[in-house]
Amino acid sequence: MAEERFNLRQAAVAKLQARGIDCEDIAALVYDLQNKYFPRLTLADCTVAVEAVLNKQDVQFAILTGLFLDECCEQGLMPEGLQEAVENDEGLFGIDEALAMSIANIYGTIGVTNFGYLDKQKPGIIGHLDGHPTHVHTFSDDLIGAVAAAAAARIAHNSK
C-alpha cells in the first residue's frame, strides 16, 4: 500500500483555517483592492486569484513558516528578546514583513505596492488579526495581506 503524499497546499490552507482565516476573507480584500479598476470583477474571480496564489509552493512554505512562528510565540517557545518582539509585533522587527514580501513580489511592483497599502490600512481580516486580544498574529496578518496583494496583482496582470 503506497503512502499518501503530503500535500503542502492542503496543509497551508488547513493551518490558515485553524487560525481563523478563510480564502473568502482574503478574496474580499482582493475585491476591495480591484473592483474600482474592474467593474465586472466578482468575488468568485477574486477567489480564483487567491487560489492561484495559494497553489504556489513558495507561498505555501512562507505561510507554514510564519504561522508556525506565531504559534511558537503563543506558546512562549521563543528565546528572550525574540519572544517579546514577535509577541508585541514591534515596528523595527520587520521579519514578518520580509517573509510576506516573498509572496507580494511574485507579481512584481504592483504586488509590493498593494501589500504596502494593506499593511498600513489593515482592512478586513488583516485588522481583525492584528487586533486579536488572545492570539499572536504577527506573521499571519502580513502573510494574508501579501496573498491578497499578490492575487490583486495577478488580476491586474491578467486583465486586457
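Ile63 touches Ala12, Leu16, Leu54, Ile103, Leu143 and Val147, leaving aside residues up to four places away in sequence; touching here means heavy atoms within 4.5 Å. Keep in mind that this is a predicted model, where local features need pLDDT of at least 70, side-chain atom pairs count only at pLDDT 80 or more, and totals for chains, interfaces and linings use all residues. Residues are numbered from 1 along each chain as its sequence is written, and side-chain values use heavy atoms, with hydrogens and water left out.

**The core**
- Ile63 also turns up in the largest nonpolar core, which has 48 residues; Val50, Leu54, Ile63, Ile103, Ile144 and Val147 touch the most other members.
- Such a core is a set of buried Ala, Val, Leu, Ile, Met, Phe, Trp, Tyr and Cys residues joined through side-chain atoms within 4.5 Å, with buried meaning under 20% relative accessible area (1.4 Å probe, protein chains only).
- Helix 9 (residues 138-158) gives the most to this core, namely 12 residues.

**Helix 2 with helix 3**
- Helix 2 (residues 23-34) and helix 3 (residues 43-54) pack at about 115°, and their axes are 8 Å apart. Helices here are DSSP runs (H or I, at least four residues) numbered from the N terminus, and the axes are lines fitted to C-alpha atoms over the stretch in contact, with angles running from 0 to 180 degrees between N-to-C directions.
- Helix 2 and helix 3 are therefore roughly perpendicular to each other (65 to 115 degrees).
- On the helix 2 side, Cys23, Ile26, Ala27, Ala28, Val30 and Tyr31 meet Leu43, Cys46, Thr47, Val50, Glu51 and Leu54 of helix 3.
- By class, that contact has 10 nonpolar residues, 1 polar and 1 charged.

**Helix 2 with helix 9**
- The axes of helix 2 and helix 9 come within 9 Å and cross at roughly 50°.
- That makes helix 2 oblique to helix 9 (outside the ranges under 35, over 145 and 65 to 115 degrees).
- Helix 2 brings Ile26, Leu29, Val30, Leu33 and Gln34 to the contact, while the residues from helix 9 include Ile144, Val147 and Ala148.
- The contact of helix 2 with helix 9 counts 12 nonpolar, 1 polar and no charged residues.

**Helix 3 with helix 9**
- Helix 3 and helix 9 have axes that come within 8 Å and cross at roughly 115°.
- Helix 3 and helix 9 are therefore roughly perpendicular to each other.
- Val147, Ala150, Ala151, Arg154 and Ile155 of helix 9 make this contact with helix 3 residues, among them Asp45, Val50 and Leu54.
- Its residues divide into 10 nonpolar, no polar and 2 charged.

Notes. Helices (H or I, at least four residues) and strands (E, at least two) are DSSP runs, numbered from the N terminus. Ala, Val, Leu, Ile, Met, Phe, Trp, Tyr, Cys and Pro count as nonpolar, Asp, Glu, Lys and Arg as charged, and the others, Gly among them, as polar. Buried means under 20% relative accessible area, exposed over 50%, partly exposed in between (1.4 Å probe, protein chains only).
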